[in-house]
Amino acid sequence: MSSAKAGPAALEKLRRDVALGNRIIERFGLSNAFGHASARIPGTDTFYFPTRRSPGLARADTLLVLDTEGQVRSGKGEPNSELWIHARIYAARPDVGGVVHAHPPACICLTQIGQPHRVLHNQGGAFHAGVPEFERIGLIRSAELGDLLARRLGAGAAVMMRGHGITTALADLRTAVIAACLLEESAGMQLRMLAAAGGDAGRLRVYSEEEAARVSDQLSPRVVARAWEYYSLAAEKRPLGG
């Protein structure tokens, strides 16, 4: 975690990003009434977190400030009960500045047919190091469960949660949002390829370790900036629930 504190203008921009990141995951079908994105407040163990409502309704001026012990430090309203996903990942990972928890259908399907994520196209290279699976079903409604999830995530960028969804954790909010979008895109392609192959995973032309490493820069700052521009502008034009 960087020790540098952000000024008022930077914090206001971060609040806008958090609200927009939440709307992106709803507008692009990663979540609907549930799900949430957060961002660490630089130089602290606190983070911006939306109130208990659809991520598609998130607003910069209604965000809460929570700490890694799950306490609401400022703001009005009730946080989502799965705040512990965010709180305990921030506690365990000082390098993480943004966390997204969503329920993307293709990712959930992969967990329930026993298929791990595989790198099958260029954007999937963002996850060349692998995506672990958190096998315990149910919601993450305690610090203890949050710690278990954080341990399963380890030092990685993402974890799949069986029958539940995904969580991404990266250096900043924008990267965490784009990672969630890319992971669902990749999982969707994997399902389509499996269907085309008659369910035979052995027929999939999985990228080798060398090939996957060659396209492992899919979450680089330049790529994220371009993807964020697209997703943020498109999300503002898409209707809630669209």
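This is a guided tour of the structure, one selection at a time. Keep in mind as you go that the model is predicted.

**Stop 1: the sheet**

Start by showing the strands alone. There are eight of them, and they make an open sheet with mixed pairing, in the order β4-β3-β2-β1-β5-β8-β7-β6. Now colour the two ends of that row: β4, at residues 72–74, and β6, at residues 133–134, are the edge strands. Each has a single partner strand, so one side of each is left without a neighbour in the sheet.

**Stop 2: β5, inside the sheet**

Select residues 98–102, which make up β5. How many residues of β5 are buried? Five of the five are, so the strand is largely enclosed by the rest of the structure. Turn the view to look at each face in turn: Gly98, Val100 and Ala102 are buried on one side, while Val99 and His101 are buried on the other.

Next, add the strands that pair with β5. With β1 the pairing is antiparallel over four bridges, and Ala39 has Gly98 of β5 as its bridge partner. With β8 the pairing is also antiparallel, over five bridges. Gly98 is a handy residue to click here too, as it stands opposite Leu170 in β8.

**Stop 3: the helices on the sheet**

Bring back the helices, and begin with α1, residues 8–27. This helix lies across β1 (36–40), β2 and β5, and runs at about 160° to β1. Then pick α5, residues 173–196, which also packs on the sheet. Helix α5 touches β1, β5, β7 (158–161) and β8 (165–170), and its direction makes about 145° with that of β8.

Now select α3, residues 105–112. Which residues of α3 are buried? They are Ala106, Cys107, Ile108, Leu110 and Thr111. Those buried residues pack against β6, β7, β8 and α5. If you like checking backbone torsions, step to Gly114, just after α3, where phi is positive at about 70°.

**Stop 4: Arg93 in its loop**

Select Arg93, in the loop between α2 (83–92) and β5. Is Arg93 buried or exposed? Its relative accessible area is 9%, under the 20% limit, so this arginine counts as buried. To see what surrounds Arg93, show its contacts beyond four places in sequence: Arg40, Leu153, Gly154, Ala155, Gly156 and Ala169.

**Stop 5: β2, β3 and Leu64**

Move along the sheet to β2 (residues 46–49) and β3 (residues 64–67), which pair in the antiparallel sense over four bridges. One pair to pick out is Thr46 with its bridge partner Asp67 in β3.

Stay on β3 and select Leu64. With a relative accessible area of 0%, Leu64 is buried. Setting aside residues up to four places away in sequence, Leu64 touches Phe47, Tyr48, Phe49, Pro50, Thr51, Ser74, Gly75, Lys76, Gly77, Glu78 and Pro79. If you draw a distance between the C-alpha atoms of Leu64 and Thr51, you should find 6.6 Å, with the two residues 13 apart along the chain.

From Leu64, hop to Ser74 in strand β4. Ser74 is partly exposed, at 35% relative accessibility. Beyond its neighbours within four places in sequence, Ser74 is in contact with Leu64 and Val65. For a sense of span, draw a second distance from Ser74 to Phe127: their C-alpha atoms are 35 Å apart, with the two positions 53 residues apart in chain numbering.

**Stop 6: the empty spaces**

Finish with a surface calculation. Rolling a probe the size of a water molecule over the atoms shows where empty space is left.

How many cavities of 30 Å³ or more does the structure hold? There is one, and the largest cavity has a volume of about 40 Å³. Select its lining: Phe34, Gly35, His36, Phe49, Pro50, Thr51, Arg53 and Asn80. By class, these lining residues divide into three nonpolar, four polar and one charged.

Then turn to the second largest pocket, with a volume of about 160 Å³. It is lined by 13 residues, and the closest to its centre are Phe34, Arg52, Asn80, Ser81 and Arg141. The lining of this pocket has three nonpolar, six polar and four charged residues. Two residues to keep highlighted as you compare the spaces are Phe34 and Asn80, which appear in the cavity lining and also among the residues closest to the pocket centre.

Note on methods
Residues numbered from 1 in each chain as written. Predicted model: local features only at pLDDT ≥ 70, side-chain atom pairs only at ≥ 80, totals over all residues. Heavy atoms only, no water. Pairing = 2+ DSSP bridges. Contact = heavy atoms within 4.5 Å. Axes fitted to C-alpha atoms, helices over the stretch in contact; angles between N-to-C directions. Buried < 20%, exposed > 50% of the residue type's maximum accessible area, 1.4 Å probe, protein only. 1 Å grid on protein atoms, 1.4 Å probe; cavity = no way out; pocket = protein on both sides within 12 Å on 5 of 7 lines; lining within 4 Å. Points joined across faces, edges and corners; volume = space filled by probe spheres on them. Nonpolar A, V, L, I, M, F, W, Y, C, P; charged D, E, K, R; others polar.
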